[in-house]
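Okay, thanks for making time, everyone. I'd like to walk you through one model today, so let me put it up on the screen.

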Amino acid sequence: MGDPLIPARDAVETLLAGRFEGVTDLVALPGGEWSRAFAFRAAGRDLVIRIGSTVEDYEKDRVAASWRRDGLPVPAIVEIGEAGGAPYAISERIHGTFIEGLDRPGWRSVLPDLFDALAAMREIELPGTGYGRWIPNGSAPHASWREWLLAIADEPLDPRIRGWREALASRPGARERFDECFAALTDAAPTGPERRRLIHADLTARNVFVLDGRISGVLDWANSLVGDPVYDIAWLLFWAPWHPGIDPGDIRHLARARFGDDDLDARVRCYGLHVGLDAQLYTAFKGRSEELDRAAERTLQVAVSGL
């Protein structure tokens, strides 16, 4: 059952007709976890409307759009509003295919572009203070990066999944696996130095588009963090088994060549544990038992062998 606050297609048509003249080519797009998206054309532009999610998520996208530059193609936000009680955002449409769908040659050809985007993100300094998931003014809630990492056992990244702990406990053995992985994270979590840089933190969830062998867009900054940018490298390495096109050796080689991060293996292991713990609590909340088991198995593997 869909979210009752998200309007059906005919209501979206009515909403757009009140905002633009001559709306054409309205078509539903693959949906995200929290919103529904439609592509359309108006005023000579290809646009997308997303309905659902939260206003704060869309405001983060508006902030991210201000960072658009060579190497970091972020779509412009045209309008943010509310329809029928559900927030919406209208943005420039990005064309292309999802990066996670590429085969091995496709990934290898586009990795330099992807690392250009990661390099551009490292140059962005958010205002405000704190670590973890930032809000549109640039501030984040935790006093240190370590504090944010270890908060994974106390609160979800997204307040919409409160109740994950009870859901996890209802699955035999799931809570014990989570606790084992969290113990490994506690041992691995850094005590310093603190790095306060931009992190996308959702790169393989239909958020990076590729067109003609180049990155054409980096979308959806709702899960974006401020902290150690190696987290995005760990993200790619953790999810590599789900995306056969990814060669972990290529990722590690480029990370070392482009960024020269010290203690890379230890840092990606630590953040891989965090990515896996978040996947466990999310899939438990969603009741996706097979995905939960696979995420837990992968996280335990990271605890033993690293990434």
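Let's start with a question: which residue does Arg 258 form a salt bridge with? The partner is Asp 116, and the closest N and O atoms sit 3.0 Å apart. Before I go further, keep in mind that this is a predicted model.

So where are those two? Arg 258 is in helix H8 and Asp 116 is in helix H3, so we're looking at a link between distant parts of the chain, 142 residues apart. As for solvent, both ends are partly exposed: Arg 258 has a relative accessible area of 36%, and Asp 116 comes in at 31%.

There's another bridge between those two helices. Asp 250 pairs with Arg 108, with 2.7 Å between the closest N and O atoms. Asp 250 belongs to helix H8, which covers residues 248-259, and Arg 108 belongs to helix H3, so this pair too ties together parts that are 142 residues apart in sequence. Arg 108 is partly exposed, at 44% relative accessible area. And this pair has company: Arg 104, Arg 108, Asp 247 and Asp 250 are joined into one network by salt bridges that share partners.

How many salt bridges does the structure hold? The count is 22. One more I'd like to show you is Arg 69 with Glu 123, where the closest N and O atoms are 3.8 Å apart. For anyone picking this out on screen, Arg 69 is in the loop between helix H2 (55-65) and strand E4 (77-83), while Glu 123 is in the loop between helix H3 (104-122) and strand E7 (132-133). That's a separation of 54 residues, again linking distant parts of the chain. Arg 69 is partly exposed, with 34% relative accessibility, whereas Glu 123 counts as exposed at 58%.

Okay, let's go to the buried side of things. Take helix H7, residues 230-238: 9 of its 9 residues are buried, so the rest of the structure largely encloses this helix. If you want names, the buried residues of H7 include Tyr 231, Asp 232, Trp 235 and Phe 238. Yes, you heard that right, there's an Asp in that list.

Hold on to Tyr 231, because it comes up again with His 274: is His 274 buried or exposed? His 274 is buried, at 1% relative accessibility, and the cut-off for buried is under 20%. His 274 lies in helix H9, which runs over residues 264-286. What does His 274 touch, if we leave aside its neighbours within four places in sequence? The contacts are Trp 148, Leu 149, Ile 152, Leu 185 and Tyr 231. So that last contact goes to one of the buried residues of H7.

Last stop, the backbone. Two residues to look at here are Ala 201 and Asp 212, each with a positive phi without being a glycine. For Ala 201 the phi is about 70°, and for Asp 212 it's near 55°. Ala 201 is found in the loop between strand E8 (197-199) and strand E9 (208-211). Asp 212 lies in the loop between E9 and strand E10 (214-218). Their surroundings contrast: Ala 201 is buried, with a relative accessible area of 5%, but Asp 212 is exposed, at 74%.

That's my tour. Happy to rotate the model for anyone who'd like another look.

Key: Residues numbered from 1 in each chain as written. Predicted model: local features only at pLDDT ≥ 70, side-chain atom pairs only at ≥ 80, totals over all residues. Heavy atoms only, no water. Salt bridge = Lys/Arg side-chain N within 4 Å of Asp/Glu carboxyl O. Helix = DSSP H or I, 4+ residues; strand = E, 2+ residues; numbered from the N terminus. Buried < 20%, exposed > 50% of the residue type's maximum accessible area, 1.4 Å probe, protein only. Contact = heavy atoms within 4.5 Å.
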